[in-house]
Amino acid sequence: MKGGISGDVIDQSVESWPVPLAQRTWGGWHAGAVSLTAGVATWSFVVGGFAANYVDARAGTAAMLAGGLISQFLVSLAQIPAVTKYGLETVSTTKPQLGTRGSAFALFIQYLTLIGWNCVLIIFLGRAVSSTLLQLGLITGDMHGSVAIVASVLATFSIWVLLLLGAEGLKYTGVIVAAGIFIIGTWMYVLLFQTYGLAAIVEAKPLAPLPQGRLMNYTIAMEVLLVSSIGWWAYMGSMFRLVNKAGRAVYPSMGSLGFGWAAIGLIGLYSGLIVGQPDPAIWIVEVAGPVAGVGVLLFVIMANLGSAVVASHAAALGVGQVPILNKLLSWPLKTFLVLLPMFIVDIFFPSAFYDNIGTFMAFIGIFIAPLVGVQIVDWFAFRRIDTLHVPSLFRHDQRSCYWYKGGINPPGIVALVLGALTYIALLDPVSFVPNLEMVQYTTATLPSALVGAVVYYLGMRLFGDINPEAKRAR
Amino acid sequence: MQATQMDFTADAITESPDDRIDLLEFMPTGEPLTRKDVIVLCLSGIVAPALLLIWGWA
């Protein structure tokens, strides 16, 4: 058996091939639980705390929830139609737009996004374990760094073990982690409001607003969520190709990845505003003592490990689009290969990576919005969702009708580059300092997606092949 | 190879890679987005955010 461990028949849920309809057994609740697991991690608090720089509690609540929902609306349109109709993972859905070889660019973006953030989450988890053990007096200060590394390595190893269970492991991990996130998240809300009171939180002023006025700050707070949530594109195929109806993916997609993760992020916003500290590992320990810190640690372990498992599953499926790797490597080896950079980072340079990865990740992330725009145009304006030739997604030579010019579709690649440049022209993706005043009316993610969509549409109309599938019939 | 939709089972795709690729053409597909799904998407992705933004600004 090459695939997972669920029987003699190949488990397609761990293959990068389309999942047959008969094996797409996830209902909406399972997909919702796994989505929530993927979405909620310590980055929720970081994003909420960042928004606290610009807006108060009321404006921040609106901006964060709206940003999450709008981005996930676009991501859903870009991914759900193809993923649920044909059972495809994310990278393979980009071949009609970028070309058979051009989709390597999507794989590059997806892999770096998923594994880069995974490293951040697991290093954070290791540090949280070590800090809690230190606070409880179970280790000494000089052991702090070593214990953090050991905890990170053990967490990465746990991810690998869970991945060996394939989609079933994902499903059951998702249900348990989602329940834990819901319970501990509710406890954090209760603790926050009981300690500080609703009135004080509502009255709290933003920490460091931009000088350009209220609208600019409101828009930047929303932009933080827009650009963060658009990253869920990389995760979509791994989760939603296991449902057999698009309708079963809509509610979990919007509920968990649009609303759910932003709702947990609001804890970071409120605590950032009232305590000046979005990290619950710090403010909860201050108000409720070190034992409560164990509750926070439990949350961090579940949420970060859950997100990392889903991301690693998606990355392993994406890597499977490289024919030689898919042919030579079994699922255990493929997943180990995906996790290898994490083991190396965990052990050899966790601090250097953690302190410097943000800038690189920000520049990788800005390619996702135009890619989302390109895919929406392709599925709906060019009706590719009806004409898609699935075998061509898995042929890596000129027999594929998505071979275009040397395996690359130039309009798709140009659309991505111009869309990303649009983002940079409008806003610094690292500092979130606006480069143009018009950002307050437009955001940066939405024009970036729009430019990608328009350039792709015009490029395909003027220079491209809108209906490459027709060549097969000729 | 003459494949039909009936051939596309989990067992059938254990054939050689080229046969598997051919069979994908006959793969049964999932249910596409319905009008109701699109309405839900638009309500949650456009209408709700617009209302939230108006409330947050007021």
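A residue is buried if 20 or more other C-beta atoms lie within 10 Å of its own, exposed if 12 or fewer, and partly exposed in between. The legends below use these words for a predicted model.

**Figure 1. A:M216 in helix α9 of chain A.** The view is centred on A:M216, which has its place in helix α9, residues 214-229 of chain A. Because 18 C-beta neighbours fall inside 10 Å, A:M216 counts as partly exposed. Leaving aside residues up to four places away in sequence, A:M216 touches A:L210, A:P434 and A:Q440. A:S229 lies 13 residues from A:M216 along the chain, and the C-alpha atoms of these two residues are separated by 20 Å.

**Figure 2. Chain A as a whole.** Before the other close-ups, this view gives the setting. Chain A has 22 helices and zero strands. Along the principal axes, the C-alpha atoms of chain A fill a box of roughly 70 × 55 × 40 Å. A compact globule of 474 residues would have a radius of gyration near 23 Å, and the value for chain A is 22 Å, which agrees. Of the 474 residues in chain A, 60% are buried. Among contacts in chain A with a separation of 6 or more, 84% are between residues 24 or more positions apart.

**Figure 3. The largest nonpolar core and A:A51.** The largest nonpolar core has 166 residues. Those with the most contacts inside this core are A:A51, A:A63, A:L125, A:A221, A:W233 and A:V372. The close-up is drawn around A:A51, whose contacts include A:A63 and A:A221. A:A51 also touches A:G60, A:M64, A:V224 and A:L269, again not counting residues up to four places away in sequence.

**Figure 4. Helix α7 of chain A and A:G169.** Helix α7 covers residues 166-196 of chain A. At 1.5 Å a residue, its 31 residues should span 45 Å; the end C-alpha atoms of α7(A) are 44 Å apart, so the expected and modelled spans agree. A:G197 follows α7(A) and has a positive phi, near 85°. Within helix α7 of chain A lies A:G169. A:G169 is buried because 20 other C-beta atoms lie within 10 Å. Not counting residues up to four places away in sequence, A:G169 touches A:L162 and A:L163. A:V310 is 141 residues from A:G169 along the chain, yet the C-alpha atoms of the two are separated by 9.9 Å.

**Figure 5. Helix α20 of chain A and its buried side.** Helix α20 of chain A runs over residues 410-426. Its 17 residues should span 24 Å at 1.5 Å a residue, and the end C-alpha atoms are 24 Å apart, which agrees. The buried residues of α20(A) are A:P411, A:G412, A:A415, A:L416, A:G419, A:A420, A:T422, A:Y423 and A:L426. These residues cover an arc of only 165° around the axis, so they are on the same side of α20(A). The elements they pack against are α4 (95-98), α17 (368-381), α21 (439-442) and α22 (445-462) of chain A.

**Figure 6. Two loop residues with positive phi, A:F432 and A:T443.** A:F432 lies in the loop between α20 and α21 of chain A. Although A:F432 is not a glycine, its phi is positive, about 60°. A:F432 is partly exposed, because 19 other C-beta atoms are within 10 Å. The second residue, A:T443, lies in the loop between α21 and α22 of chain A. Phi of A:T443 is near 65°, also a positive value in a residue other than glycine. With 23 other C-beta atoms within 10 Å, A:T443 is buried.

**Figure 7. The side of chain A that touches chain B.** In this view, 38 residues of chain A are in contact with 29 residues of chain B. On the chain A side, the elements that give two or more residues are α3 (57-86), α11 (246-275) and α19 (390-393). The largest share, 16 residues, comes from α3(A). The residues on this side of chain A divide into 23 nonpolar, 10 polar and five charged. The partner, chain B, has two helices and zero strands. Buried residues make up 26% of the 58 residues in chain B.

Note on methods. Residues are numbered from 1 along each chain as its sequence is written. Chains are lettered from A and ligands numbered from 1 in the order in which they are written. This is a predicted model: local features need pLDDT of at least 70, side-chain atom pairs count only at pLDDT 80 or more; totals for chains, interfaces and linings use all residues. Two residues are in contact if their C-beta atoms, placed from the backbone, lie within 7 Å. Helices (H or I, at least four residues) and strands (E, at least two) are DSSP runs, numbered from the N terminus. Ala, Val, Leu, Ile, Met, Phe, Trp, Tyr, Cys and Pro count as nonpolar, Asp, Glu, Lys and Arg as charged, and the others, Gly among them, as polar. The expected span of a helix is 1.5 Å times one less than its number of residues. The arc is that of the directions from the helix axis to the C-beta atoms. The radius of gyration is taken over C-alpha atoms; the globule rule is 2.2 Å times the number of residues to the power 0.38. A nonpolar core is a set of buried Ala, Val, Leu, Ile, Met, Phe, Trp, Tyr and Cys residues joined through C-beta atoms within 7 Å.
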